[in-house]
Amino acid sequence: MKKIKKKTKKAKRAPTPSSLPALTWMDDEGMHLLAQGTAPSPDQLEEITRKFQEGIKRSPMWEEMVRTFGKEKAEELLLQCRAKLE
């Protein structure tokens with residue numbers, strides 16, 4: 001004879017941060033991201049900024065910036081591309 005197992009209900013758990021969607025959007029101020037988690041440290045923000053600026057320099061947009069504004073002005077504009085918390 002076969003044993004019958006009782007079905008148990010799984011407890012409802014609060015959603016974990018990884019299961020919640022992140023919200024991103026672009027506007028006149030730039031790109032924004034809203035997500036769960038702890039705020040990055042100042043060192044982490046600097047690292048994010050550095051990687052972002054390196055990505056811009058490797059993109060076709062950098063060549064366009066240099067062509068349009070010249071290398072010196074493009075470098076100044078690049079320094080304005082920063083990660084920040086608000």
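Me: What share of the protein's contacts with a separation of 6 or more comes from residues 24 or more positions apart?
Reply: That'd be 38%. Bear in mind this is a predicted model.

Me: What makes Ile-56, Trp-62, Met-65, Ala-74 and Leu-78 a nonpolar core?
Reply: A core of this kind needs buried nonpolar residues joined through side-chain atoms within 4.5 Å. Those five pass, and they form the largest such set here. Helix 2 (60-69) and helix 3 (71-79) are the elements that give two or more residues to this core.

Me: How do you know that Leu-78 is in contact with residues beyond its neighbours within four places in sequence?
Reply: The test is heavy atoms within 4.5 Å. With those neighbours left aside, Leu-78 still touches Gln-53, Ile-56, Lys-57, Trp-62 and Met-65. Of these, Ile-56, Trp-62 and Met-65 are listed in the core too.

Me: Why are strand 1 and strand 2 called paired?
Reply: Pairing takes at least two DSSP bridges between the strands. Strand 1 (residues 23-27) and strand 2 (residues 30-34) have five, so they count as a pair, and they run antiparallel. One of the matches is Leu-23 with Leu-34. Two residues sit between the strands, and the whole thing forms a hairpin.

Me: Where does that hairpin fall in the order of elements?
Reply: From the N terminus on you get β-β-α-α-α, so to speak: the strands, then the helices.

Me: What fraction of the protein is buried, if buried means under 20% relative accessible area?
Reply: By that cut-off, 13% of the 86 residues. The protein exposes about 8,500 Å², with carbon and sulfur atoms supplying 57% of it.

How values were computed: Residues numbered from 1 in each chain as written. Predicted model: local features only at pLDDT ≥ 70, side-chain atom pairs only at ≥ 80, totals over all residues. Heavy atoms only, no water. Buried < 20%, exposed > 50% of the residue type's maximum accessible area, 1.4 Å probe, protein only. Helix = DSSP H or I, 4+ residues; strand = E, 2+ residues; numbered from the N terminus. Areas by Shrake-Rupley, 256 points an atom, 1.4 Å probe, with all protein chains shown as cover.
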